[in-house]
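Subject: The structure we talked about

Hi,

Here is the structure, with the sequence alongside. Have it open while you read, and my notes follow below.

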There are 2 protein chains.
Amino acid sequence: MKKLYLLLCISIFFISTGAWAQFPKGRIVDLTYSFDQQTIYWPTESGFVLEKETEGMTEKGYFYAANFFKAPEHGGTHIDAPHHFAKNGRTVDEIPLEQLMAEGIVVDVSNKALQDRDYQVTVDDFLDWEKKNGKIPEGTIVFLRTGFGKYWPDRLSYMGTDERGKDAVGELHFPGLHPQAAIWLVDSRKIKAVGLDTPSIDYGQSTHFGSHVNLFSRNVPALENLANLGELPEKGFSVIALPMKIKGGSGGPTRVVAVIDRSLQDLTK
Amino acid sequence: MKKLYLLLCISIFFISTGAWAQFPKGRIVDLTYSFDQQTIYWPTESGFVLEKETEGMTEKGYFYAANFFKAPEHGGTHIDAPHHFAKNGRTVDEIPLEQLMAEGIVVDVSNKALQDRDYQVTVDDFLDWEKKNGKIPEGTIVFLRTGFGKYWPDRLSYMGTDERGKDAVGELHFPGLHPQAAIWLVDSRKIKAVGLDTPSIDYGQSTHFGSHVNLFSRNVPALENLANLGELPEKGFSVIALPMKIKGGSGGPTRVVAVIDRSLQDLTK
């Protein structure tokens, strides 16, 4: 009898301790590329520019460095706010933070996408994931891993062209999400957001950007040019995607991180 | 005997369920101001500019909006990376994410600072906080609440001057952290980062920026122009501060959020 009480107390103590462990509870993975001269933007956009204002010792004897920067909203690791392709969709400052902080999953289609640059992720790809992992829970942030992250920052292999300007848009070849699968993710699985390791949620050869329209008219944003998706498990991690809060913006630079749940991952180590 | 087993199972079940509850576990508070024409920058800096590229229906029948923006690194809700005032300090892309995600506390000095615009937060203010709340744990992110957030975005009341240019710098009057208290926070309490609701971690009348130098030479970054600090409790929340990842940057726009621990806060509601 006393032994059982002791067991009870010890159990509660250890489980409670786990629940009170220091935040964040897991291994942090940065899913964000740095912004620099190599950062990839759409062929019709200019790039990221950092202008040095000051760097060095001042007359008063302290060191001082400061810069100025300019960039299009859409490029590098960034978010597309719903307003990017939906007139009444939320601007980037209006996206609720609750929609950008959630449990995440990775659907790995790299076997198909690395064979076919024009691959579009289908509902069947998600059903295959569910056969192994169970139904995608409501409120999930869904990452598509095409494997194209390994080409960053080489424009030719990552986008299919390193040309610039309007004519280059027709030469884009990279995988994306099929517009019908976009509807299914939102309507049938009620996901919070979607993201992938290519420049656009629609595949490179898209002309009408159906996945953008289908997601954004339903106020579900997309994260593009994600880094390091290969470091994530299929499930068992949290996502925090915090965009620069541009008033009225259609999107913008976003720092995306994942926290891998140690209680799941470290069991195997 | 059977009852005890049952009690044991039930206890473990409920405590485990808590640990598995959906991320994030708490109420999210956005500590970030939007970037727009009103965003406050230092008197010697230009401001944030958003240029509209496109907004409207395209020939193909879908809506499209995209913008271009430019800004100095330091203004609005942003982070000062150590390199801002320390030659060998980390640039903004080099700050470990572990240093930007931690438990937070608020030290409220608004009673003093709203009476004296030139107030500098002292070691005694932290010791007063500790008398009530216990020792500041190692690895904490420390927020100073001066109360000046209520003046945002009125430059005159927030900064002490709405003039621009070099001469205006001498007219700055707002509270900050005392350089000696900066050393104490890092050396005696081993904090991860510090933040406040004014334009600068040094007070407006500073000429040698001692808190910047003392913090940054120890690789501890500072968060400036934080919003909504009045919505946070003195302790019992987590901080996530994710900067735009500017390669080699001395700082940059940062989305700062707090997650208030429901298990602590909601007990009183």
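**The core**

The largest nonpolar core has 149 residues, and V194(A) and V194(B) are the ones that touch the most other members. Please keep in mind throughout that this is a predicted model.

Which residues does V194(B) meet once its neighbours within four places in sequence are left aside? Its contacts are V142(B), L177(B), L185(B), I201(B), L215(B), V220(B) and A222(B).

One of those contacts, L185(B), leads to helix α5 of chain B, which covers residues 179–187. In that helix, P179(B), A181(B), A182(B) and L185(B) are buried. Looking down the axis of α5(B), you will find these buried residues within an arc of 155°, so they line one face of the helix. As general background, an α-helix has 3.6 residues a turn, so residues three or four places apart point the same way. The elements that the buried residues of α5(B) pack against are β6 (120–121), α3 (123–133), β7 (141–145), β8 (176–177), β9 (193–196) and α6 (210–216) of chain B.

You can check the other copy in the same manner. In α5 of chain A, residues 179–187, the buried residues are P179(A), A181(A), A182(A) and L185(A). They too fall within an arc of 155° when seen down the axis of α5(A), so they line one face of that helix. Among the elements of chain A they pack against are α3 (123–133), β9 (193–196) and α6 (210–216).

**Chain A as a whole**

Chain A contains 7 helices and 12 strands. Of its 269 residues, 50% are buried. If you take the contacts in chain A with a separation of 6 or more, 75% of them are between residues 24 or more positions apart.

Strand β5(A) is a good place to stop for a moment. This strand is mostly covered, with 6 of its 8 residues buried. What does β5(A) pair with in the parallel sense? The partner is β7 of chain A (residues 141–145), over 5 bridges, and I105(A) has V142(A) as its bridge partner in β7(A). β5(A) is also joined to β11(A) by 5 bridges, and these two strands run antiparallel. In that pairing, A102(A) is opposite V239(A) of β11(A).

**How the two chains meet**

A turn of 180° with a shift of 0.0 Å along the axis lays chain A on chain B, with an RMSD of 0.0 Å. That is the relation of a two-fold axis. The C-alpha of chain A nearest the axis belongs to K70(A) and is 2.0 Å from it.

Across the interface, 63 residues of chain A are in contact with 61 residues of chain B. Elements of chain A that each supply at least two residues to this side include α1 (2–19), β1 (26–30), β3 (63–72), β5 (101–108), β11 (235–243) and β12 (251–261). The largest share, 10 residues, comes from β3(A). Sorted by class, the side of chain A that touches chain B has 34 nonpolar, 17 polar and 12 charged residues. Of the interface residues of chain A, 97% are also interface residues in chain B, so the copies meet through the same surface.

β3 also pairs across the two chains: 5 bridges join β3(A) to β3 of chain B (residues 63–72), and the strands run antiparallel. F68(A) has P72(B) as its bridge partner, while F69(A) is matched with A71(B).

**Around β3 of chain B**

In β3(B), 8 of the 10 residues are buried, so to speak of this strand as mostly covered is fair. β3(B) also pairs with β2(B), in the antiparallel sense, over 8 bridges; within that pairing, G56(B) stands opposite Y64(B). The two strands form a hairpin with 5 residues between them, and G61(B), in the turn, has a positive phi of about 100°.

Is V49(B), in strand β2 of chain B (residues 49–57), buried or exposed? V49(B) is partly exposed, because 13 other C-beta atoms lie within 10 Å. Not counting residues up to four places away in sequence, V49(B) touches F69(B) and K70(B). V49(B) and K70(B) are 21 residues apart along the chain, with 5.3 Å between their C-alpha atoms.

Happy browsing!

Notes. Residues are numbered from 1 along each chain as its sequence is written. Chains are lettered from A and ligands numbered from 1 in the order in which they are written. This is a predicted model: local features need pLDDT of at least 70, side-chain atom pairs count only at pLDDT 80 or more; totals for chains, interfaces and linings use all residues. Copies are superposed by least squares on the C-alpha atoms of residues with pLDDT of at least 70 in both. Two residues are in contact if their C-beta atoms, placed from the backbone, lie within 7 Å. Helices (H or I, at least four residues) and strands (E, at least two) are DSSP runs, numbered from the N terminus. A residue is buried if 20 or more other C-beta atoms lie within 10 Å of its own, exposed if 12 or fewer, and partly exposed in between; C-beta atoms are placed from the backbone. Ala, Val, Leu, Ile, Met, Phe, Trp, Tyr, Cys and Pro count as nonpolar, Asp, Glu, Lys and Arg as charged, and the others, Gly among them, as polar. Two strands pair if DSSP finds at least two bridges between them. A nonpolar core is a set of buried Ala, Val, Leu, Ile, Met, Phe, Trp, Tyr and Cys residues joined through C-beta atoms within 7 Å. The arc is that of the directions from the helix axis to the C-beta atoms.
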